[in-house]
Amino acid sequence: LDLLHLRSRLPCLSNTTANSTMVSLYFYGGKRGLAEKIRMLLAETGIKYNEIAVSDGELARMTKEGKAPFGQLPVLECDGVFYSGDVAIMEYLAEKADAEGRGQGGNKYLGEPSERPIVRGFAEAISQFQKEAKTYLGAPGAPADLNDIVTKWFGLFQDVLIRNDDDDDFTDEYMIGKHLTFADVSLFEAVNAVTELHGLNKLRPFPKLKEIHDLIASRARIEQYMATRPAGF
């Protein structure tokens with residue numbers, strides 16, 4: 001369930017990095033889970049955050065208090081407001097990063113205004129893939145039809161990338177337009193999890209998908225985050 005708790009004026013959105021407010025990421029203790037793509041986006045944008053591992057008992061309390069309204073994690077908190085849903089959180093952080101001018105070279109993590117609904121739709125599809133492939137459960141949690149799931153979704157992702165490719169060797173192509181969006185970061189983390197858990201051979205039949213995976217992996221902040229993150233899923 002992806003629900004963004006909206007107010008007429010969202011907290012934590014400033015127009016400079018100097019006034020940026022730190023956020024807190026609540027996640028299932030001992031698991032990367034669906035929070036990992038959020039960590040990737042936080043690393044890429046440079047938004048400061050702290051992490052809070054949540055036990056089953058603590059999650060029950062958060063649910064009762066309305067901080068995790070559907071009894072699910074991850075949850076993001078900023079200035080006392082709690083946001084739930086992995087895609088909604090990613091979109092919120094992308095908006096925060098864009099408002100604070102965090103994108104290198106004018107990058108917009110939401111994409112252009114006309115692209116935003118499309119970016120959100122891509123992110124929703126990627127989240128659906130993750131839940132079908134169950135990468136957040138580690139290798140032992142893989143479904144029996146994993147190969148079919150990966151082949152279907154990797155093929156769909158590659159088709160999107162091919163359609164957005166303008167054959168210009170001097171520009172980078174992502175899922176839509178010329179901006180690295182929160183959907184691209186989601187795609188990278190989803191694909192990377194598959195290769196870590198089930199081998200690079202799952203990605204080799206999809207050269208365009210491998211190309212964007214390797215492109216995002218080489219970004220300085222993403223590369224640094226992956227080199228220092230704890231092992232395991």
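This passage describes the nonpolar cores, enclosed spaces and selected residue environments of a predicted model.

The largest nonpolar core has 56 residues. L93, F129, F154, F182, L187 and L209 are the residues with the most contacts inside this core. L93 touches I38, L41, L42, I47 and L76, leaving aside residues up to four places away in sequence. Another core lies apart from the largest one. This other core has eight residues, among them L59, L73, V75 and F82. In soluble globular proteins, nonpolar side chains tend to be buried together.

V54 sits in strand β2, which spans residues 49–54. V54 counts as buried because its relative accessibility is 7%, under the 20% cut-off. With residues up to four places away in sequence left out, V54 touches Y26, F27, Y28, G29, L59, M62 and L73. Two of these contacts, L59 and L73, are named among the members of the eight-residue core. Y26 and V54 are 28 residues apart in sequence. Their C-alpha atoms are 6.4 Å apart in space.

A search of the whole structure gives two cavities of 30 Å³ or more. The volume of the second largest cavity is about 40 Å³. Its lining consists of F27, Y28, K31, R32, G33, L34, A35, L73 and P74. By class, six of these residues are nonpolar, one is polar and two are charged. F27, Y28 and L73 from this lining also appear among the contacts of V54.

The second largest pocket holds about 220 Å³ of space. Its lining comprises 14 residues, of which R32, E36, R39, Y225 and P230 are the closest to the pocket centre. Helices α1 (36–45) and α8 (220–228) are the elements that give two or more residues to this lining. Five lining residues of the pocket are nonpolar, three are polar and six are charged. R32 lines this pocket and also lines the second largest cavity.

N164 lies in the loop between α5 (146–163) and α6 (182–198). A polar atom of the N164 side chain lies 2.7 Å from the backbone oxygen of Y174. Not counting residues up to four places away in sequence, N164 touches E173, Y174, M175, I176 and G177. Y174 thus appears in the contact list of N164 and supplies the backbone oxygen facing its side chain at 2.7 Å.

Notes. Residues numbered from 1 in each chain as written. Predicted model: local features only at pLDDT ≥ 70, side-chain atom pairs only at ≥ 80, totals over all residues. Heavy atoms only, no water. Core = buried A, V, L, I, M, F, W, Y, C linked by side-chain atoms within 4.5 Å. Buried < 20%, exposed > 50% of the residue type's maximum accessible area, 1.4 Å probe, protein only. Contact = heavy atoms within 4.5 Å. 1 Å grid on protein atoms, 1.4 Å probe; cavity = no way out; pocket = protein on both sides within 12 Å on 5 of 7 lines; lining within 4 Å. Points joined across faces, edges and corners; volume = space filled by probe spheres on them. Nonpolar A, V, L, I, M, F, W, Y, C, P; charged D, E, K, R; others polar. Helix = DSSP H or I, 4+ residues; strand = E, 2+ residues; numbered from the N terminus. Polar contact = N/O pair within 3.5 Å; in protein donor to acceptor, adjacent residues only side chain to side chain.
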